[in-house]
Amino acid sequence: MKFVDEALIEVVAGDGGNGVASFRREKYVPRGGPDGGDGGRGGSIWMLADRNINTLIDYRYARIHRAQRGENGRGADQYGHGAADIVLRVPVGTTIMDAESSETLADLAADGQRTLVAKGGAGGLGNIHFKSSTNRAPRQCTPGEKGERRRLRLELKVLADVGLLGLPNAGKSTFIRSVSAARPKVADYPFTTLTPGLGVVRTDENRSFVIADIPGLIAGAADGAGLGHQFLRHLQRTRMLLHIVDVAPFDPDADPVRDARAIVEELGRYDPALHAKPRWLVLNKMDLVPAGERTARVKAFVAAYRWKGPVFAISAVNGEGCRELVYKVQEWLAAHPAPAAAPPSDDAVALTPASK
């Protein structure tokens, strides 16, 4: 299935039914009085995070979602029936924004979390509400309220513990294949990865973490160059980043240190919070460096890059150094647990049936 991480939809809640002005007309009942009922409530539209859904592709084809309007009131004290609510299921990790104002309405980061995106209109009042000692035959009634109408932008940010960062062909997909059961496409040309991918790394029977792989970044990515900028949002939920660098590029004019700095600069331009995440340096393709030169190559890179954080030398194609790296990552994740998600508010949880 094609991965779709953005969608633009329109939601239209149902209008409330109209109240009615009516009077009792029964034999042997003189001056029966008003008996016009209220209109029913219009249907509301909710969004629900569902872990069984992985993409927003359904919303690329179904752009408009309408709830039914409430029934009009009737005579004999009959109230109109409320319309049923509509529940739109989206992947866990979906951010819902107002397309006009860009205001974030909800961030559905937990399975089962739900939010109201368009409220149905209240039903109008029938004339039974307007009777009094001085107004015994009221002819007033009110129309139902209009339901809310909104244009929404849906953005999916995948949920992962670790994000992979690097140039195209740095070996990110090869690394995720080496340490997990994921099988992304691998080839000897740039931009092999066209969509984000996830891999589950299992370090023990009861210990694992999730890695997110996105298309490689290039200089100018923050301004829209290449593909990776379209998917950088998927790294925003991660707890740490692995910056994978090709230390043995085929291009003789390539400078791994310069390229690594350019990627980090693009990260900062895109989102300072993403730039501030814990980041480890992973020097890949050490199998292409002669065994006697590897230690010197790593030291030279770290000195030129002026790197003070953790550094690992690996060869993703044959798995050399990969297991040690993932165990260290697992230890770091265990020592830095993710903050507990705030419980949904009551109005975002209670999905009551349509009232009459």
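At what angle do helix α3 and helix α5 pack, and how far apart are their axes? I will come to that in a moment, after saying that what we are looking at is a predicted model, so everything I describe is computed from that prediction.

Let me begin with the overall picture. The protein has 356 residues, of which 46% are buried, and its secondary structure comes to seven helices and 14 strands. If we take the contacts between residues at least 6 apart in sequence, 75% of them join residues that are at least 24 apart.

Now to the pair of helices I opened with. Helix α3 covers residues 256-270 and helix α5 covers residues 294-305, and the two pack at an angle of about 45°, with 10 Å between their axes. The two helices α3 and α5 are therefore described as oblique to each other, and their crossing is right-handed. On the α3 side, the residues that take part are Pro256, Val257, Ala260, Arg261 and Val264, and these meet Phe301, Ala304 and Tyr305 of α5. Sorted by class, this contact of α3 with α5 is made of seven nonpolar residues, one charged residue and no polar ones. As a general point that may help when you look at the helices, an α-helix has 3.6 residues a turn, so residues three or four places apart point the same way.

Following the chain just past α5, we come to Arg306, which lies in the loop between α5 and β14, the strand at 311-313. Arg306 is not a glycine, and yet it has a positive phi of about 60°; its relative accessible area is 69%, which means that it counts as exposed. A second residue of this kind is Asp77, again not a glycine and again with a positive phi of about 60°, and Asp77 sits in the loop between β3 (64-66) and β4 (86-91). Asp77 has a relative accessible area of 46%, so it is classed as partly exposed. For context, most residues other than glycine have a negative phi.

Let me turn next to helix α2, residues 172-179, which is mostly covered, since six of its eight residues are buried. Those buried residues are Lys172, Ser173, Thr174, Phe175, Ile176 and Val179. Which elements do the buried residues of α2 pack against? They pack against four strands and a helix, namely β9 (162-165), β10 (197-204), β11 (207-213), β12 (240-246) and α6 (322-335).

Helix α6 brings us to Cys322, which is found in that helix. With a relative accessibility of 1%, Cys322 counts as buried. Leaving aside residues up to four places away in sequence, Cys322 touches Phe175, Ser178, Val179, Ile314, Ser315 and Ala316. Cys322 and Val179 are 143 residues apart along the chain, while their C-alpha atoms are separated by 6.9 Å.

Is the other cysteine I want to mention, Cys141, buried or partly exposed? Cys141 has a relative accessible area of 35%, and so it is partly exposed. In general terms, a disulfide is a covalent bond between the sulfur atoms of two cysteines. In this model, the count of disulfides comes to zero, taking sulfur atoms within 2.5 Å as the rule.

Note on methods. Residues are numbered from 1 along each chain as its sequence is written. This is a predicted model: local features need pLDDT of at least 70, side-chain atom pairs count only at pLDDT 80 or more; totals for chains, interfaces and linings use all residues. Side-chain values use heavy atoms; hydrogens and water are left out. Axes are lines fitted to C-alpha atoms, for helices over the stretch in contact, and angles run from 0 to 180 degrees between N-to-C directions. Angles under 35 degrees count as roughly parallel, over 145 as roughly antiparallel, 65 to 115 as roughly perpendicular and the rest as oblique. A crossing is left-handed if the near helix is turned anticlockwise from the far one by less than a right angle, and right-handed if clockwise. Contact means heavy atoms within 4.5 Å. Ala, Val, Leu, Ile, Met, Phe, Trp, Tyr, Cys and Pro count as nonpolar, Asp, Glu, Lys and Arg as charged, and the others, Gly among them, as polar. Buried means under 20% relative accessible area, exposed over 50%, partly exposed in between (1.4 Å probe, protein chains only).
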